[in-house]
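Open your viewer, load the model and keep the selection panel handy. We will take a short walk through it together, one selection at a time.

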Amino acid sequence: FNSKEYICFSSYRLARHLQKEAQAQHNNSEFTEEQKKTIGKIATCLELRSAALQSTQSQEEFKLEDLKKLEPILKNILTYNKEFPFDVQPVPLRRILAPGEEENLEFEEDEEEGGAGAGSPDSFPARVPGTLLPRLPSEPGMTLLTIRIEKIGLKDAGQCIDPYITVSVKDLNGIDLTPVQDTPVASRKEDTYVHFNVDIELQKHVEKLTKGAAIFFEFKHYKPKKRFTSTKCFAFMEMDEIKPGPIVIELYKKPTDFKRKKLQLLTKKPLYLHLHQTLHKE
């Protein structure tokens, strides 16, 4: 190994070790689910750095300065509760490649991208397991909310690989008010729509949500060339929009702005996230 190859291989080994820890079953791990997500994101960043070192392009996509930002997070993983500095996601059930294994990936990419053309309906393999939670027990006088995610409109819907939606409830400061939930991979895509048809059970009674809270929907998909899952766009629903029946909400450009201060529409085209709300009250 020369020094660059050694660093590259070390990044790969550490990324693989962290990914294994991030995917460890609950009973076998000392970390919380949120800490494991952070560890998984660090693994993704290490993989990106490894790929950048192997790249022949002069402009690296993930620089050494970026890598240095991860050090305090890793050192304080048990107490870290801030927003992760990079727009990456842990990639479940996907193998981290060792340096030199990219040749095999090219063939896999061709298989994945072929048949992903827009227009005709296409099914997705269920690679992301989903982390949906059951409905809470009912309480007298309290309201529970079920949100059915029907579909999302995107101009390149047919090209999205393994798409899913992360649902979270945040206060005005972007702090989680309920556990974060991931949908399973989308059921099908058709023309300019990715279809989900899945129910999300809000993990808090509507009356107990703080003033200014919002429900966020982050649309994520896998990028085979970069080998990580990325947020493509997001949408959110505020408390005054909680009403029974159908609703369509606008899509915004990433990165997800949980504080809702710098919002940019994804497109001027009439493309939205289509939801249906059901309220349950004792």
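Here is a tour that goes from the whole chain to its sheet, its cores and a few individual residues.

**Whole chain.** Please keep in mind throughout that this is a predicted model. Start with a cartoon view of everything: the protein chain has 5 helices and 10 strands. Now switch to a surface. You are looking at about 15600 Å² of accessible surface, and carbon and sulfur atoms account for 51% of it. Of the 282 residues in the chain, 44% are buried. If you like contact maps, draw one: among contacts between residues at least 6 apart in sequence, 71% join residues at least 24 apart.

**The open sheet.** Next, select strands E4 (188–190), E5 (193–201), E1 (143–153), E10 (272–281) and E8 (245–250). In which order do these strands lie in the sheet? Reading across, the order is E4-E5-E1-E10-E8, and the pairing is antiparallel. The edges are E4 and E8, each of which pairs on one side only. Turn the view to see the twist, which averages 25° from one strand to the next.

Zoom in on the E8 side. E8 pairs with E10 in the antiparallel sense, over 6 bridges. To find a matching pair of residues, pick Glu250, which stands opposite Tyr272 in E10.

**Two cores.** Show side chains for Ile149, Ile215, Phe217, Met237 and Leu273. These are the residues with the most contacts inside the largest nonpolar core, a set of 29 residues. Which strands feed this core? At least two residues come from each of E1, E2 (161–170), E5, E6 (214–223), E7, E8 and E10. Then move your selection to Leu18, Leu46, Leu48 and Val88, which are among the 16 residues of a second, separate core.

**Ser230 and its neighbours.** Select Ser230 in strand E7 (residues 228–238). Is this residue buried or exposed? Ser230 has a relative accessible area of 2%, so it counts as buried, the cut-off being under 20%. Leaving aside residues up to four places away in sequence, Ser230 touches Phe219, Lys220, His221, Lys223 and Lys254. Put a distance label between the side chains of Ser230 and Lys254, where a polar contact of 3.2 Å joins them.

**From Lys254 into the loop.** Stay with Lys254 and step along the backbone to Pro255. The peptide bond between Lys254 and Pro255 is cis, with omega at about 0°. Pro255 sits in the loop between strand E9 (252–253) and E10.

Arg260 is found in the loop between E9 and E10 as well. Check its backbone torsions: phi of Arg260 is near 60°, a positive value in a residue other than glycine. With a relative accessibility of 15%, Arg260 counts as buried.

**Last stop: Asp191.** Go back to the E4 side of the sheet and select Asp191, in the loop between E4 and E5. Asp191 is not a glycine, yet its phi is positive, at about 55°. How does the surface treat this residue? Asp191 has a relative accessible area of 45% and is therefore partly exposed.

Key
Residues numbered from 1 in each chain as written. Predicted model: local features only at pLDDT ≥ 70, side-chain atom pairs only at ≥ 80, totals over all residues. Heavy atoms only, no water. Helix = DSSP H or I, 4+ residues; strand = E, 2+ residues; numbered from the N terminus. Buried < 20%, exposed > 50% of the residue type's maximum accessible area, 1.4 Å probe, protein only. Polar contact = N/O pair within 3.5 Å; in protein donor to acceptor, adjacent residues only side chain to side chain. Contact = heavy atoms within 4.5 Å. Core = buried A, V, L, I, M, F, W, Y, C linked by side-chain atoms within 4.5 Å. Areas by Shrake-Rupley, 256 points an atom, 1.4 Å probe, with all protein chains shown as cover. Pairing = 2+ DSSP bridges. Axes fitted to C-alpha atoms, helices over the stretch in contact; angles between N-to-C directions.
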